[in-house]
Each structure stands twice: as C-alpha cells, then as structure tokens.
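Q: Could you pick out one part of this model and go over it closely? I'd like to know how the pieces around it fit together, too.

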Amino acid sequence: MKKIGKIFIALMLIGVIVMSFAACSDSGKNNATSFDSAATLQGILDNFKADEQYAEYKAMYQNTTFEEKIEGNSILLSISGDEGVSGNYEYKLDGDYLTYTEKTDSEDYIGISFFMYLKSAADEYLGMDSNITTGYISGCEAFGVENKYYITENDEAEGTTTTKLYVAGKWDMPELDTMYVNDKVLEYTEALSKDDINSVINCGKIRVNYYGNKDSVDIIVSEYGKRSDLTYQSIMNTVKKLQPANLSTFEKNFTELKEDEGEGFKVTFGIDDNLKSEHELEELEGYEYTVVHFGA
C-alpha cells in the first residue's frame, strides 16, 4: 500500500503542476537547435520502460497490456484491458520539444501522467536531476519567471491543450539560486490536524518532505548543494502554513539557520538512518538536509 500511495502522491503533484501552467501561452517558442532527434527519442523511451515507478504502475494491472514503441517522430503508448485503464497516447517530437496534446476538458489523466514519467526519462537521458527540473517548473510559477522548458498552450478554437517539454539539451536554470518555498508554492497546502499526513513540496533546488500531525511532525528540508538562506526561508514559510504545536516558540527562537532546540521543537543538520527508515525516505546525493521536529 505504501508504494501505491507514493504513486498517488506523485500523480497529485503532477496535477498541481499541470493546473499551474494551464494559463501559459506561446512564450516559450524557440528556434530549433541541432540535436540527434532519433537518438533522443530512443533514449527517452528506453529510460521510460526501465523506470521503476512505471513498472510498479503496470504491476497493479496484471490483466492489462502495455505497449511502448517509436513510430516516426513519436513515442506511442497503447494500453488495453478490462481493468479500467486503456487508451492510445501519442507523444510527438516537435522541433526541440516533446509534446502531448489532449482535449482541454478531458478527464482522462493517464496521458498527462505518463508524460511526466517521460519527463523523468528525458531528464535522465540529458543528465539532469529530475527533482531539480520539477522544482524549477514549480519555482517559475511561484516567482513569475518565464519558463521556456515546460510550456502549456491552450488552443481555444480547437478545444485542445498541448504540453511541451524541451528535450534538445540541458536546461539553463540560473534562477534556481533565488527560488525557495514561498506562499505561492504552499497555496494548496493545508494546516496540520490531529490526523497523520505525509507530503512533498518542490521549489527550485529545495525539497520539503513532512510526516506527522499537529502535535508531532518531522519536516525534512533538502537543498541541492550547500544549505543556505533558501533553506531557512523555506522552513519558516512551511511551518507557518502547517501550524504545528509550539509554532510561536519556534518562530521567536529560530531566527537564523542553525542547529537549535527549544520547548517542543528541535532542529538538526543531516538525516540519520532511523529517520530514513521510519519514513522510507531515500537520501539524495548532492543534497544537504535540515530536519525540524515538533513534538515531544
């Protein structure tokens, strides 16, 4: 059940990203660059088929057939069976972009969900960190930065929405050094209650995982590279939105990024094996971790 839960959370995050970019227009048009499109398509498809989450998804539907192939300049995904998951989906290479077009009012989320799996596959092929590129997408929306790498275009006349992913080379993302978890990123995050919850928030090179409830919660903030004031700002904005017990004491005492401890809270640098095991959390290479615990 935990594996299925992770997939569900991932798809919910995809929905937030898609909704956030639904209003984008044609601001990301680029001149085509020279790259080996055939090799790129094949590399993306190979990584997609080898993706563990995709394998887990398929394993949930034992009586459903999944077929993935390249035809012309498109990746085609065909799903057939009687378990409620079926359809034919085309992901077309158009210039520098891998694209997916669907009816704007479509309630079939399978196509766009697998487009995000293809994004991860493309990241791997291009030698990029998928957490960073996903955080960059979120950060562009949160900080009003024009995003030429992940674009959503609506064609009102045709009633379609096209999502475009730049795959012609590595992304240039200098704005990462200014992005942190702000109020816009936390727009869909609710205050903690007595019930346990776990969630993930990405923005720029900051990733926040939190587990627990109002009286006892672990907030784990990772920053790619060295921890900085981006981590501090992300912590303060996140705890303000989550509203854990002893928040006022924390806000009064935690005025800079440091290891600290006070009534009902503790801040430590690094993540120990017990915490990783408890939350089934994978420690990502190249990140520095800050853990904030509220509770006894």
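A: Here's a close look at strand β8, followed by its sheet and the helices around it.

A quick word on the ground rules: this is a predicted model, so local features need pLDDT of at least 70 and side-chain atom pairs count only at pLDDT 80 or more, while totals for chains, interfaces and linings use all residues. Residues are numbered from 1 along each chain as its sequence is written, and side-chain values use heavy atoms, with hydrogens and water left out.

Start with β8 itself, residues 206-212 (strands are DSSP E runs of at least two residues, helices H or I runs of at least four, both numbered from the N terminus). Six of the seven residues in β8 are buried, so to speak of a mostly covered strand is fair (buried is under 20% relative accessible area, exposed over 50%, partly exposed in between, with a 1.4 Å probe and protein chains only).

Now look at what sits on either side of β8. Strand β7 (residues 197-203) runs antiparallel to β8, and seven bridges join the two (strands pair if DSSP finds at least two bridges between them). One pairing to click on is Asn202, whose bridge partner in β8 is Arg207. β7 and β8 make a hairpin with two residues between them, and Gly204 in that turn has a positive phi of about 60°.

Strand β9 (residues 217-224) also runs antiparallel to β8, again with seven bridges joining them. Here Asn209 has Ile220 in β9 as its bridge partner. The link from β8 to β9 is a hairpin too, through four residues.

Zoom out and you get the whole sheet: six strands, open, antiparallel in pairing, in the order β7-β8-β9-β12-β11-β10. β7 and β10 (260-262) stand at the edges with a single partner strand each, so one side of each has no neighbour in the sheet. Ignoring direction, neighbouring strands in this sheet are turned by 15° against each other on average.

Back in β8 for a moment, Gly212 pairs with Val217 in β9. Helix α5 (residues 130-143) packs on the sheet and touches β7, β8, β9 and β12 (287-294), with its direction at about 75° to that of β7 (contact means heavy atoms within 4.5 Å; axes are lines fitted to C-alpha atoms, for helices over the stretch in contact, with angles from 0 to 180 degrees between N-to-C directions). Helix α6 (residues 229-242) packs on the sheet as well, touching β8, β9 and β12, and its direction makes about 150° with that of β9.

Two loop residues around here deserve a click. Gln243, in the loop between α6 and α7 (247-253), isn't a glycine but has a positive phi of about 55°. Gln243 counts as partly exposed, because its relative accessibility is 34%. Glu280 is in the loop between α8 (273-279) and β12; Glu280 is no glycine either, yet has a positive phi of about 50°. With a relative accessible area of 39%, Glu280 is partly exposed.

Next, stay with α5, since it leads outward from the sheet to another helix. Glu141 belongs to α5 and is partly exposed, at 28% relative accessibility. In space, the C-alpha atoms of Glu141 and Lys184 are 8.3 Å apart, although 43 residues separate the two in sequence.

The neighbour of α5 to look at is α4: their axes come within 9 Å and cross at roughly 120°. That makes α4 oblique to α5 (under 35 degrees is roughly parallel, over 145 roughly antiparallel, 65 to 115 roughly perpendicular, the rest oblique). At this contact, Lys119, Ser120 and Asp123 in α4 meet Ser130, Thr133, Thr134 and Ile137 in α5.

Finally, go one helix further. α4 (residues 110-126) also packs with α2 (residues 37-50), at an angle of about 115° and with the axes 8 Å apart. Those two are therefore roughly perpendicular to each other. On the α2 side you'll find Ala39, Thr40, Gly43, Ile44, Asn47 and Phe48, and these meet Phe114, Tyr117, Leu118, Ala121, Ala122, Glu124 and Tyr125 in α4.

So the trail goes from β8 to its bridge-joined neighbours β7 and β9, on to α5 packed on the sheet, then to α4 and out to α2.
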